[in-house]
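The following exercises concern side-chain geometry and burial in a single model. Each task is followed by a solution in steps.

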Amino acid sequence: MNPSAQGWIKKLLLEVSENDAFLNVEDTYFYDALRGCGFIYGNNLDVILAVVDKKDFTEEEISKTNLLLALLYTHHNANTNTNFVDSAIDFYSSINELKISFLQGLLGGKKSSEKLEKIIHKRTQIDANALTKNFKYFIINALLYLDVLAYSEFLKKASISIDYLRNLEASIEAIIMNVLNSKSFKNKYDESLIKLFESSLRYHDSKALGYKSAITNITSHLEKNYILDLACMATWTDKKIDKNEQRFLVTLGTDLNISKDRIRESISSVNLFYSVNKDNIALLSSKNIVQSFYTNSSNMVSKLISRNRKRLYRELLDSKELMVLLTQSTVRDLSQDEQKKVQEQLLDIFKSIPSLAIFMLPGGALLLPLVIKFIPKLLPSAFDENRIDD
């Protein structure tokens, strides 16, 4: 399954039909699994409960997969006779009628899994500017669980109330902004998070709520757990939760009628998740933005090479001069003329492989040195005596 290719939802649903035990777990267990893989925090590092093998998925592809699986779980446990794909499209159509602009132009015509793919892609799509993408990804996708909560409400009533969405979002805004603004010292990550959180809200014209009113609006146990975990995430952006912040989280949990054990568990969970994965999370990484861009580009090239391994190798075999230069590049530095030949011939090959068309776009040639770095792994080991298998 490739979440970036047409037909991925149909393929995923087929795979789920053969491994559907996750659909019958208790809702808090499923929620905790979403949190454990990073979906609740907006940093999807794994597919929930390993329902499918994440293989070489990008983080955005994992996000799409987890959102679809969360919606599917919600539909399965709503005791409804509606078709899942049709129901999900109806849900997003209802949201669109409430002036949610991101779906405009996608909801006309016949319902199908392909249409739902376009909706999910648009819902998780991030700014194409690679230098700002990391920061925007963090908070926009941290709010994806709102879709799951709203979908649950939609299934209960066969419609979605604008008041429900406005009140839930306004409550989240009031509580999380209270957390962020209460910090005595705000570093650049806190400032970025505040701006990005505000920009990701659907209803910018909503009337600001006070803390007590916000607490009153949070009624279900999943809404309460989600608010608490978002608050924990917000306090951890400076890479620690100090005593004052812990006291605030305990007060928040108590006001939400969450047990002390659950409060401690939420604090422990965010500490564990970010401590283990902080180097892989752009907002918390110590890397500067250029290093982050290079790392993301390197990961992208690696995945593209891996996905097109067999076809690319066949194309390389047909280009004898390129093959010779690539094998020589493993033992010596190529001259400028040789490097130019390699780049020109690689671009010719990429023209024949649609998924590598990104390298044909303006600026795509800047990534070619990364391509050359990964290609030697495709070659027979005899060409590289120093090769060490990962």
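Rings of Phe, Tyr and Trp (its six-membered ring) pair if their centres lie within 6.5 Å. The model examined here is predicted.

**Exercise 1. Aromatic pairs**

Determine how many aromatic pairs the rule yields, and classify the pair formed by Phe22 and Phe30.

*Solution.*

Step 1. Applying this rule gives a count of 11 aromatic pairs.

Step 2. For Phe22 and Phe30, the centre-to-centre distance is 6.4 Å and the angle between the planes is 25 degrees. Planes under 30 degrees apart count as stacked, and the pair of Phe22 and Phe30 is accordingly stacked.

Step 3. As to burial, Phe22 and Phe30 are both buried.

**Exercise 2. A pair across the sequence**

Classify the pair of Tyr41 and Tyr274, and state which parts of the chain it ties together.

*Solution.*

Step 1. The ring centres of Tyr41 and Tyr274 are 5.5 Å apart, with 40 degrees between the planes, and the pair is tilted.

Step 2. Tyr41 belongs to the loop between α2 (27–36) and α3 (59–76), whereas Tyr274 belongs to helix α13 (residues 260–277), so the pair ties together parts that are 233 residues apart in sequence.

Step 3. Tyr41 and Tyr274 are each buried.

Step 4. Ring pairs also link a cluster, made up of Phe91, Tyr92, Tyr151 and Phe154.

**Exercise 3. The surroundings of two residues**

Establish whether Asn66 and Ser94 are buried or exposed, and describe what each touches.

*Solution.*

Step 1. Asn66 is found in helix α3. Its relative accessible area is 0%, so Asn66 is buried.

Step 2. The side chain of Asn66 makes a polar contact of 2.9 Å with the side chain of Asn44. A polar atom of the Asn66 side chain also lies 2.9 Å from the backbone nitrogen of Ile48.

Step 3. Beyond neighbours within four places in sequence, the contacts of Asn66 include Leu34, Cys37, Phe39, Asp46 and Val47.

Step 4. Ser94 lies in helix α4 (residues 84–97). Buried means under 20% relative accessible area; Ser94 has 16% and is therefore buried.

Step 5. Setting aside residues up to four places away in sequence, Ser94 touches Phe154 and Ile160. Phe154 is one of the residues in the ring cluster.

**Exercise 4. Cysteines**

State how many disulfides the structure holds, and whether Cys37 and Cys232 are buried or exposed.

*Solution.*

Step 1. The number of disulfides is 0.

Step 2. Cys37 has 6% relative accessibility and therefore counts as buried.

Step 3. Cys232 has a relative accessible area of 0% and is likewise buried.

How values were computed: Residues numbered from 1 in each chain as written. Predicted model: local features only at pLDDT ≥ 70, side-chain atom pairs only at ≥ 80, totals over all residues. Heavy atoms only, no water. Helix = DSSP H or I, 4+ residues; strand = E, 2+ residues; numbered from the N terminus. Buried < 20%, exposed > 50% of the residue type's maximum accessible area, 1.4 Å probe, protein only. Contact = heavy atoms within 4.5 Å. Phe/Tyr/Trp six-rings, centres within 6.5 Å; stacked < 30°, edge-to-face > 60°. Polar contact = N/O pair within 3.5 Å; in protein donor to acceptor, adjacent residues only side chain to side chain. Disulfide = S-S within 2.5 Å.
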